[in-house]
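Here is a short briefing to read alongside the model on your screen. It goes through the charged pairs, then the strands, then the surface.

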Amino acid sequence: MSASLHGVRLLALAVGLSTAAAANAAQPTWEGSVGAGAIYAPDYLGSDDYEWNAWPSLDATYGDTFFVSVTDGIGWNLVREGKWRVAPFIGYTFGRDDTGDIRALDQVDGGATVGLRASYLDDTWRYSAAAETPFTGDIDGYRVKFAATHVARLGERAAFIVGPRFSYTSAAWTDDLFGVSTGESARSGIRAYDPNDGYFTLGADATLSYYLTRQWSITGLVGVARLTGDAEDSPIVDDLGDATQWRAGAFINYHF
């Protein structure tokens, strides 16, 4: 595996982006990484209370055809033209637990999503755009995401990956996560809120990965995102939480 593709696989491991550009072998085989770690992140999207949670990592590809990723889901590279990949996928989106400051609000169950992702990969940059919509759980609407990631090799054993990300979430999705009904308002004392529009999220992630051996690596990550629009104006965020969302984590992984 070339250094650039090796760095992209590190990226998929640490940040959750899929490696749709695996080497094109005559007889495809499964290759990738599996591991575990912990992430320090808000209790729920928009919260200002943080906690550590154990988190799995999995990123595997079958040749240049199929991929499985904890965050990118299960997909098939339907289009493989040069540096371009287009893949339908099934993923998952988290809901919102009735915990902490919002324990008097209704729980919002997450669910499976179906979507389409297009990506372009060159030697050191990967660009991707994806659209998805839930088909199970309590969330409706759609979300569109864009990301750019740059891989820099640091000697023979380390890689640094950094890049911006951007997303738009529809009004229906925003209402499910950030709306407050009159009944919830009466129970909680939080003002009622009915979003009319969607919201944008602007963020960036950085990871540093170090290979202990050819098979084992450790990865540290840090990221930040800013909620805008009707999500930022929700009392769940404006009164109880924070529109700026941080996360940090560490993982150990086995590569096969």
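Asp205 is buried, because its relative accessible area of 9% is under the 20% cut-off. Its salt-bridge partner is Arg165, with N and O 2.5 Å apart. Please keep in mind that this is a predicted model.

**Salt bridges**

- The Arg165–Asp205 pair links distant parts of the chain, since Arg165 belongs to strand E10 (residues 158-169) and Asp205 to strand E11 (residues 199-211), 40 residues apart.
- Arg165 has a relative accessibility of 28%, so this residue counts as partly exposed, whereas Asp205 is buried.
- In general, side chains of opposite charge can pair when their charged atoms come close.
- The count of salt bridges comes to 10.
- Another of these pairs is Arg117 with Asp72, whose closest N and O atoms are 3.4 Å apart.
- Because Arg117 lies in strand E7 and Asp72 in the loop between E3 and E4, this pair ties together parts that are 45 residues apart in sequence.
- Are Arg117 and Asp72 buried or exposed? Arg117 counts as buried at 7% relative accessibility, and Asp72 is buried too, with a relative accessible area of 5%.
- Arg226 and Glu232 also meet through their side chains in a salt bridge, at 2.8 Å from N to O.
- Here Arg226 counts as partly exposed at 35% relative accessibility, and Glu232 counts as partly exposed at 26%.
- Glu132, Arg143 and Lys145 are joined into one network by salt bridges that share partners.

**Strand E3 and its neighbours**

- Strand E3 covers residues 66-69, and its side chains alternate.
- Which residues of E3 point to the buried face? Phe67 and Ser69 point to one face and are buried, while Phe66 and Val68 point to the other and are not.
- As a general pattern, the side chains of a regular strand alternate between the two faces of the sheet.
- Strand E2 (residues 50-62) pairs with E3 in the antiparallel sense, over four bridges.
- One place to look at this pairing is Ala60, whose bridge partner in E3 is Val68.
- The hairpin of E2 and E3 has three residues between the strands, and Gly63 takes a positive phi near 60° there.
- E3 also pairs with strand E4 (residues 73-76), again antiparallel and over four bridges.
- Phe67 has Gly75 as its bridge partner in E4.
- Three residues make up the connection in the hairpin that joins E3 to E4, and Asp72, the partner of Arg117, sits in the loop between these strands.

**Strand E1 and its partners**

- Strand E1 (residues 30-42) and E2 are antiparallel and pair over 13 bridges.
- Within this pairing, Glu31 has Thr61 of E2 as its bridge partner.
- How many bridges join E1 to strand E13? Eight bridges do so, and the two strands run antiparallel.
- Strand E13 spans residues 244-255, and Ile252 in E13 is the bridge partner of Ala36.

**Arg247 and Gly155**

- Arg247 has its place in strand E13 and counts as partly exposed, because its relative accessibility is 24%.
- Leu221 is 26 residues from Arg247 along the chain, and the C-alpha atoms of the two are separated by 8.1 Å.
- Where is Gly155 found? Gly155 is in the loop between strand E9 (143-154) and E10.
- Gly155 counts as exposed, because its relative accessibility is 54%.
- From Gly155 to Tyr210 there are 55 residues along the chain, and their C-alpha atoms are separated by 10.0 Å.

**A negative surface patch**

- Acidic residues form a negative surface patch, made up of Asp48, Asp49, Glu51, Asp97, Asp98, Asp101, Asp109, Asp138, Asp140 and Asp242.
- Asp109, one of these residues, lies in the loop between strand E6 (84-93) and strand E7 (111-121).
- With a relative accessibility of 35%, Asp109 counts as partly exposed.
- Strand E7, which follows that loop, is also where Arg117 lies.

Key. Residues are numbered from 1 along each chain as its sequence is written. This is a predicted model: local features need pLDDT of at least 70, side-chain atom pairs count only at pLDDT 80 or more; totals for chains, interfaces and linings use all residues. Side-chain values use heavy atoms; hydrogens and water are left out. Patches are made of residues with over 30% relative accessible area and no salt bridge: like charges are joined within 9 Å, nonpolar side chains (Val, Leu, Ile, Met, Phe, Trp, Tyr) within 5 Å. Accessible areas come from the Shrake-Rupley method with a 1.4 Å probe; for residues, only the protein chains shown count as cover. A salt bridge is a side-chain nitrogen of Lys or Arg within 4 Å of a carboxyl oxygen of Asp or Glu. Lys and Arg count as positive and Asp and Glu as negative; His and the chain ends are not counted. The place of a charge is taken as NZ of Lys, CZ of Arg, CG of Asp or CD of Glu. Buried means under 20% relative accessible area, exposed over 50%, partly exposed in between (1.4 Å probe, protein chains only). Two strands pair if DSSP finds at least two bridges between them.
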